[in-house]
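Good morning, colleagues. I should like to take you through several local features of one structure, beginning with a single side chain and ending with the packing of helices. Please have the sequence and the model in view.

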Amino acid sequence: MATEMQRQTWMATLAKAELKQLEGLVNKLGTLPSYSFLRSPEIGLAMVRGRAGGTGEPFNLGEITMTRCVVQLESQPDETLAGFGYVAGRSHRHAELAAFCDALLQSDQWSDRIQAEVIQPLQIASQEQQELKQRQTAATKVNFFTMVRGEG
């Protein structure tokens with residue numbers, strides 16, 4: 001069984017993944033167990049909070065659109081596994097796939113395979129994207145300095 005921290009990590013990875021990439025990785029898995037909706041994908045709003053300077057008092061920054069979904073694996077007679085998907089934006093399919101992968105990751109039968117073939121590639125792609133943004137940002141850095149004129 002996964003720890004709370006592990007589950008938070010894979011749920012964040014699934015939520016932040018690009019839908020095309022997530023669909024491609026899930027489609028490569030072949031035959032998967034069937035599932036039913038406990039809560040069909042639905043769109044709503046969530047309050048985003050911020051902190052001044054990253055460390056100050058929290059304040060309400062604004063609302064974002066979110067899509068959530070809950071599925072239950074049907075082919076697990078001995079255990080009931082429900083998966084949750086919460087994604088920013090208005091993508092029913094993304095929330096559904098995130099919930100489905102969350103359910104599979106809780107299954108002893110599927111956990112290792114989903115980690116290796118879906119979560120790890122998504123984490124690698126995310127890290128590469130973040131490094132690219134950092135390199136692009138570093139290329140625009142300007143170093144300001146003061147020159148002394150004369151001897152005075």
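Let me begin with Tyr35, which is partly exposed, at a relative accessible area of 23%. The model before you is a predicted one, and the values I quote are computed from it. Phe37 is likewise in the partly exposed class, with a relative accessible area of 38%.

How many aromatic pairs does a search of the whole structure find? The search returns 2. In one of them, the ring centres of Tyr35 and Phe37 are 6.0 Å apart and the ring planes stand at 90 degrees, so this pair is edge-to-face. Tyr35 and Phe37 also belong to one aromatic cluster, together with Phe100.

From these rings I move to Glu96, a residue of helix α3, which covers residues 92-106. Is Glu96 buried or exposed? Its relative accessibility is 14%, and because the threshold for burial is under 20%, Glu96 counts as buried. Once neighbours within four places in sequence are set aside, the contacts of Glu96 are Tyr35, Phe37, Pro41 and Cys69. Both members of the edge-to-face pair are therefore found among the contacts of Glu96.

Cys69 brings us to the cysteines. Cys69 is buried, with 1% relative accessible area, and Cys101 is buried too, at 0%. A disulfide is a covalent bond between the sulfur atoms of two cysteines. How many disulfides does the count come to? The count is 0. Cys69 takes part in none, since the nearest cysteine sulfur, which belongs to Cys101, lies 12 Å away, and the cut-off for a disulfide is within 2.5 Å. Seen from the other side, the sulfur of Cys101 has that of Cys69 as its closest cysteine sulfur, at 12 Å, and this is too far for a bond.

I turn now to helix packing. Two packed helices are described by the angle between their axes and the distance between the axes.

Consider helix α4, residues 111-139, against helix α1, residues 4-16: the two pack at an angle of about 65 degrees, with their axes 9 Å apart. α1 and α4 are therefore roughly perpendicular to each other, and their crossing is left-handed. On the α1 side, the residues involved are Thr9, Trp10, Thr13 and Leu14; on the α4 side they meet Gln115, Val118, Ile119, Leu122 and Gln123.

Helix α2, residues 19-27, also packs on α4, with the axes coming within 9 Å and crossing at roughly 150 degrees. α2 and α4 are therefore roughly antiparallel to each other, and α2 passes α4 in a right-handed crossing. Gln21, Leu22 and Leu25 of α2 make this contact with Glu117, Val118, Pro121, Leu122 and Ala125 of α4. Val118 and Leu122 thus appear in the contact with α1 and in the contact with α2.

Finally, what lies in the loop between α1 and α2? Ala17 has its place there. At 12% relative accessibility, Ala17 counts as buried. Leaving out residues up to four places away in sequence, Ala17 touches His94 and Leu122. Leu122, already named in the helix contacts, is thus a partner of this loop residue as well. Ala17 and Gly30 are 13 residues apart in sequence, and their C-alpha atoms are 20 Å apart in space.

Thank you for your attention.

Notes. Residues are numbered from 1 along each chain as its sequence is written. This is a predicted model: local features need pLDDT of at least 70, side-chain atom pairs count only at pLDDT 80 or more; totals for chains, interfaces and linings use all residues. Side-chain values use heavy atoms; hydrogens and water are left out. Helices (H or I, at least four residues) and strands (E, at least two) are DSSP runs, numbered from the N terminus. Buried means under 20% relative accessible area, exposed over 50%, partly exposed in between (1.4 Å probe, protein chains only). Contact means heavy atoms within 4.5 Å. Rings of Phe, Tyr and Trp (its six-membered ring) pair if their centres lie within 6.5 Å; planes under 30 degrees apart count as stacked, over 60 as edge-to-face and the rest as tilted. Axes are lines fitted to C-alpha atoms, for helices over the stretch in contact, and angles run from 0 to 180 degrees between N-to-C directions. Angles under 35 degrees count as roughly parallel, over 145 as roughly antiparallel, 65 to 115 as roughly perpendicular and the rest as oblique. A crossing is left-handed if the near helix is turned anticlockwise from the far one by less than a right angle, and right-handed if clockwise.
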